[in-house]
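Visitor: Could you show me how to read salt bridges and the burial of the residues that form them?

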Amino acid sequence: AAAAFERIVKKLKKFAIVVVTSRPSSIAVPMDFVSCAAIAAIVTAAIASRSNVQVVAHPRVRVMGSPYRVGCVAVRRGVTPRGAGRRAAGTSRVSLGRGGSSALPDPRRMPVPTLLEDEALQFVRDLIRIETVNTGVAATIGDGETRAARWVQERLAEVGIASELVESRPGRGSVVARLAGSDPDAGALLVHAHLDVVPVQEEDWTHPPFGADIEDGYLYGRGAVDMKNYAGTILAVARHFAREGIVPRRDLVFAFLADEESGGVWGAGWLVENRPDLFAGVTEALSEVGGFSVPLADEPGDGRRAYLVATSEKGVAWSTLRARGRAAHGSRPTADNSVVRLARAVAAVGEHRFPVVRTPALQRFLDVFGEARGLAFTDESLADDLESLGFVSSLVGATTRNTATPTVLDAGDK
């Protein structure tokens with residue numbers, strides 16, 4: 001299409017609209033050849049492809065599906081796509097800007113997406129489209145995890161990275177690869193992600209959960225956050241290292257695992273028990289959660305942010321409550337209804353609050369963060385002060401005490 005436009009421009013030698021992108025060739029469109037709608041479509045396509053866009057166009061064309069307006073004047077006769085980056089005598093150039101006011105940075109100075117970045121996004125989308133739902137019930141899980149693991153293995157093989165695909169049981173596949181480092185005495189670093197996802201209720205989704213749609217700059221899909229985003233990213237990084245001949249100081253072990261969403265029994269747990277050789281020499285590991293920050297101060301203009309570091313992880317203890325009663329017809333309620341008794345017990349567990357325990361790590365956080373934010377974090381103000389922390393309030397709050405959470409109720413069928 002670009003070549004066709006260029007041929008038309010050269011033939012007509014009329015005023016032209018020029019779309020300058022980060023791609024090797026620009027698109028030049030004769031002004032008397034296309035409508036404003038077509039101009040908008042061209043610009044919208046350029047934005048969708050994440051090109052850096054600078055437009056010389058009909059004034060105030062609304063770009064479809066975008067908050068940007070296009071506004072500027074025509075390039076004088078004789079200006080070709082190659083010369084579009086220079087100001088022609090008697091002309092001016094206006095970049096895309098929100099609401100037609102503030103302009104975007106000069107496209108020539110904007111960073112061009114690298115192959116690493118392009119692959120990371122594409123791999124995340126490809127993985128989302130492989131349904132790897134982990135129901136926790138063997139009969140309903142299928143082979144999605146193995147299909148995803150095999151797909152990862154193929155992407156690694158394309159750049160010469162050897163890997164091993166291991167199935168703990170049919171359909172429950174994990175794949176592990178190792179990039180050798182330059183220092184054999186250094187402890188290896190394990191970088192791991194899980195390939196399974198939790199079940200979905202499709203009717204609750206605004207986009208298909210396994211469609212990996214992108215709209216308004218957001219990627220939609222089961223696993224886009226937990227955690228095919230990370231799996232696709234580390235896969236792209238591993239390929240980048242292989243392509244560029246990057247040799248890390250210590251071994252990097254990349255693991256793409258099954259069964260994280262149901263306890264890791266057939267994924268990480270099984271590999272550690274049955275294939276410890278895959279993790280030989282590993283001394284540290286990186287995986288999901290972390291990397292986010294919160295404002296350190298609650299004052300306008302203070303850009304300091306706090307990056308939270310976990311010093312330990314909460315333990316877990318499972319309990320099952322059972323209530324029994326005398327069976328009877330629903331039309332004649334009984335005093336010993338087991339459902340009612342169990343419901344009262346579950347409600348009591350859910351409402352219970354254990355006492356606050358200020359561990360050394362927690363108290364240090366409250367002292368430092370409280371001083372920066374002007375918060376006291378006293379026993380009386382603790383709940384309100386934590387609430388002011390925004391999205392991390394529940395995370396920090398859950399570390400202040402033991403917690404009990406009812407999760408599943410099950411009763412008779414009739």
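**Salt bridges and burial**

Guide: Let us begin with one residue: Arg 155 counts as buried because its relative accessibility is 13%, where buried means under 20% relative accessible area, exposed over 50%, and partly exposed in between, computed with a 1.4 Å probe on protein chains only. This is a predicted model, in which local features need pLDDT of at least 70 and side-chain atom pairs count only at pLDDT 80 or more, while totals for chains, interfaces and linings use all residues. Residues are numbered from 1 along each chain as its sequence is written, and side-chain values use heavy atoms, with hydrogens and water left out.

Visitor: Which residue meets Arg 155 in a salt bridge?

Guide: A salt bridge is a side-chain nitrogen of Lys or Arg within 4 Å of a carboxyl oxygen of Asp or Glu. Here the partner is Glu 154, at 3.9 Å from N to O, and Glu 154 is partly exposed at 40% relative accessibility.

Visitor: How many salt bridges does the structure hold?

Guide: The structure holds 16. Another of them pairs Arg 304 with Asp 302, whose closest N and O atoms are 3.1 Å apart; Arg 304 is partly exposed at 45%, and Asp 302 is partly exposed at 24%.

Visitor: Which residues are joined into one network by salt bridges that share partners?

Guide: That network consists of Glu 119, Glu 154, Arg 155, Glu 158, Arg 239 and Arg 243.

Visitor: Is Asp 251 buried or exposed?

Guide: Asp 251 is buried, at 18% relative accessibility, and its side chain meets that of Arg 178 in a salt bridge of 3.0 Å, N to O.
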